[in-house]
Amino acid sequence: MAEVILKNIKKSYGDVQVIKGVDLHIKDKEFCIFVGPSGCGKSTLLRMIAGLEEITSGELHIGGTQVNDLSPADRGISMVFQSYALYPHMSVRENMGFSLKLAKQPAEEIKRKVDEAARILKLDPLLDRKPAELSGGQRQRVAIGRAIVRNPKVFLFDEPLSNLDAALRVQMRIEIARMHHDFDATMIYVTHDQVEAMTMADKIVVLQGGVIEQVGSPLDLYHHPVNKFVAGFMGSPNMNFLESTIKQVEDECVTVGLPGGGTVSVPVKREQASVGDKVTLGVRPEHLLEGGGGDGEVSGKVLVVERLGGGTLVYASLEDGQSISAQIDGNSSIKVDDTIKLGLRNETCHVFTADGLALPQIDRHPLADVGRGSGH
Amino acid sequence: MATPASTAAANSAVKTKNTRKVDTRPFLWPSVIVLFLWMIVPLAMTLYYSVINYNLLDPSFTGFAGLENYKFLLEDPSLWTSMWNTLVLVGSVLIISVVVGALLAVLYNARFPGRNIARLLVIAPFFVMPTVSALIWKNMMLHPVNGFVAWLQSALGMVPTDWFSQYPMLSIILIVSWQWVPFAFLILLTAIQSLDSEQQEAARIDGAGPVAMFFYIVLPHLQRSISVVIMIESIFLLAIFAEIYVTTSGGPGLATTNLSYLIYSVGLLQFDVGYASAGGVIAVILANIVAIFLIRTVSRNMQKA
């Protein structure tokens with residue numbers, strides 16, 4: 001019912017184009033997250049959907065209606081802001097009921113809706129307080145309550161958790177995910193935190209420089225990044241990139257050299273690649289095998305060891321001077337200045353050509369195209 | 001060179017090893033004493049003059065008068081007229097400057113080409129001396145023969161109005177408002193600029209149009225600044241003098257005589273110093289009554305926000 005469709009959306013401020021043509025289809029009841037580094041245009045895109053920024057060109061449809069020229073209030077959306085943007089002179093009840101009051105709804109109707117939203121968000125005891133008398137988490141909840149009361153077709157979140165401390169952030173993350181499940185509403189969420197994106201989204205949209213780099217499920221982006229930017233942005237710790245050259249090319253397998261003289265044969269389509277091309281080999285730290293083995297091997301000198309308990313992060317310098325990080329067993333006794341051998345498994349390797357594009361993998365990861373909930 | 005007070009303070013600091021326990025009051029005394037003298041000497045002299053017979057036109061008539069001056073004053077209908085005029089003047093100018101100032105502040109907060117120059121022009125009247133602005137209004141704007149308004153009226157086929165004789169109080173209010181709107185505008189504009197833009201955007205999404213935005217979001221945000229404007233303006237408006245002196249000289253009759261003009265006319269036109277001093281004391285009392293109420297409301301507003 002409430003699909004959001006963006007058709008070639010562009011935004012310019014004078015001569016500066018900040019959104020350079022975005023096409024996107026957000027399905028009904030989908031939790032869609034825009035993620036990207038600061039200045040990538042993700043907030044601008046959200047504000048254009050909200051109607052707070054004018055759309056320079058392109059079409060925006062919400063729930064089957066073109067809304068380009070509708071005011072924010074008429075688009076059937078509600079928005080939760082980073083600073084919560086509560087009205088400081090109004091009580092929690094008045095804050096939550098403000099939109100209904102402006103819509104001239106009867107007082108008892110407003111009271112009923114506010115009470116209901118307050119019950120869902122456990123705000124009942126706070127209804128008569130002013131925002132200044134609330135903690136950060138409570139304010140966040142009131143802001144969400146204010147959004148719920150309007151009963152919108154689409155919820156918009158603009159970095160709603162970035163003002164909260166780490167513990168509260170995890171808690172609110174779970175609550176918002178829960179809320180999405182309970183309300184069955186379409187949600188669009190902006191964040192620069194890829195962990196938030198990975199944990200909550202049905203669909204992640206990775207933006208950079210005003211263009212979409214990739215759209216997909218969290219595991220799709222994790223296992224099958226289409227380019228070096230997405231590969232480096234998603235996943236923590238960051239993917240390792242090793243400079244290399246192609247040694248051998250077959251139809252469904254490209255063999256690249258490894259620092260120290262070894263090779264690894266990666267099951268990817270060859271596309272335009274040919275022997276001798278400069279490429280970048282990408283492999284995630286958590287996919288490296290301590291002690292070697294696998295389908296290829298590198299070794300290096302350990303520079304830093306970070307023990308996290310459950311896992312150990314090792315930063316090492318390879319034989320040709322390139323650096324690599326690996327996430328290995330938490331009980332590993334490895335020390336600084338030790339020599340470490342790391343094994344690569346061919347299906348977890350990525351090959352990026354000189355222009356940053358990934359050579360497509362032959363096998364899709366089994367979970368890459370699976371949604372999170374039973375309903376999706 | 002150390003004063004006894006500062007050496008004592010230094011000693012105690014050494015003894016307690018805690019500089020926070022230094023008695024700082026002695027350091028305040030010089031300025032407190034100067035300020036106290038500044039206030040108390042004129043006040044004491046006024047009080048003294050108000051209870052003696054002291055008329056410059058009749059040096060032989062001297063001696064203690066008791067409350068005679070006050071009695072005459074309180075029985076004088078011109079006192080009550082001038083008090084009423086003072087309240088009308090202060091009240092009207094306050095309302096006009098806050099309302100117009102707030103509207104201008106909202107208007108000039110919007111983006112348009114040449115905004116900075118336009119803002120400067122709005123603020124400009126505040127920098128014109130009261131006597132000069134009164135003369136401009138008297139001779140160039142409201143003059144029945146040479147004035148711009150008279151020209152406008154005759155251009156429209158109307159009979160030019162002699163503002164200062166037909167609507168004297170209105171004319172004074174006009175002049176004083178013209179001077180004080182910029183002040184309100186300046187304070188309220190800075191307040192509006194500090195309004196959180198996300199709050200306004202949230203209100204837009206909640207469905208607030210420009211009018212609802214002004215009354216539900218902007219005005220509550222301005223509450224504190226408005227009380228500051230009212231307090232500061234009241235202090236100055238209670239003592240309006242130059243504009244009246246230059247234009248109407250309190251007339252016609254007593255139509256534009258406020259308290260400060262009354263005191264001037266009694267003291268320096270009728271040369272009755274004792275009588276004028278009694279008027280001064282009453283003005284001080286009146287100002288203090290207003291101040292008590294104002295400061296109370298303002299401080300309550302300040303705490304609330």
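Okay, so let's start with how far apart the two domains of chain A are. In this predicted model, the C-alpha centres of domain 1 and domain 2 of chain A lie 39 Å apart. Domain 1 covers residues 4-229 and domain 2 covers 237-352. If you want a feel for the whole chain, the C-alpha trace of chain A spans about 75 × 45 × 40 Å along its principal axes.

What's chain A built from? Its secondary structure comes to eight helices and 20 strands. There are 376 residues in chain A, and 41% of them count as buried. Now look at the contacts in chain A with a separation of 6 or more: 67% of those are between residues 24 or more positions apart.

Let's zoom in on one sheet. It's an open sheet of five strands in chain A, the order is 15-19-16-17-18, and the pairing is antiparallel. Strand 15, residues 289-290, and strand 18, residues 323-329, are at the edges of that sheet in chain A; each has a single partner strand, so one side of each has no neighbour in the sheet.

Is strand 18 of chain A, then, enclosed or open? Five of its seven residues are buried, so strand 18 of chain A is largely enclosed by the rest of the structure. Put those two together: strand 18 of chain A sits at an edge of the sheet, and it's still largely enclosed.

Who's the partner? Strand 17 of chain A, residues 311-318, pairs with strand 18 of chain A in the antiparallel sense, over seven bridges. You can follow the register on screen. A:S317 stands opposite A:S323 in strand 18 of chain A, and A:L313 has A:Q327 of strand 18 as its bridge partner. Between strands 17 and 18 of chain A there are four residues, and the two strands form a hairpin. Have a look at A:G321 in that turn, because its phi is positive, about 95 degrees.

Right, on to where the chains meet. The contact takes 15 residues from chain A and 13 residues from chain B. On the chain A side, strand 6 (77-80) and helix 2 (92-102) each supply at least two residues. Helix 2 of chain A gives the most to that side, with three residues. And the character of the chain A side? It's 11 nonpolar, four polar and no charged residues.

Over to chain B, and helix 11, residues 210-237. How far does this helix span between its end C-alpha atoms? A straight helix of 28 residues would span 40 Å at 1.5 Å a residue, but helix 11 of chain B spans only 32 Å. Helix 11 of chain B also bends, by about 50 degrees, at B:Q223. Its buried residues include B:H221 and B:L222 ahead of that point in the numbering, and B:S225 and B:I226 after it. B:E233 is among the buried ones too.

Last stop, B:V51. You'll find B:V51 in the loop between helix 2 (25-50) and helix 3 (68-75) of chain B. B:V51 is partly exposed, with 18 other C-beta atoms within 10 Å. Leaving aside neighbours within four places in sequence, B:V51 is in contact with B:F64, B:A65, B:G66 and B:N69. Take that last one: B:V51 and B:N69 are 18 residues apart in sequence, and 6.7 Å apart in space, C-alpha to C-alpha.

That's my tour, so over to you.

How values were computed:
Residues are numbered from 1 along each chain as its sequence is written. Chains are lettered from A and ligands numbered from 1 in the order in which they are written. This is a predicted model: local features need pLDDT of at least 70, side-chain atom pairs count only at pLDDT 80 or more; totals for chains, interfaces and linings use all residues. The expected span of a helix is 1.5 Å times one less than its number of residues. The bend at a residue is the angle between axes fitted to the seven residues ending there and the seven starting there. A residue is buried if 20 or more other C-beta atoms lie within 10 Å of its own, exposed if 12 or fewer, and partly exposed in between; C-beta atoms are placed from the backbone. Two residues are in contact if their C-beta atoms, placed from the backbone, lie within 7 Å. Domain bounds come from an automatic or database domain assignment. Two strands pair if DSSP finds at least two bridges between them. Ala, Val, Leu, Ile, Met, Phe, Trp, Tyr, Cys and Pro count as nonpolar, Asp, Glu, Lys and Arg as charged, and the others, Gly among them, as polar.
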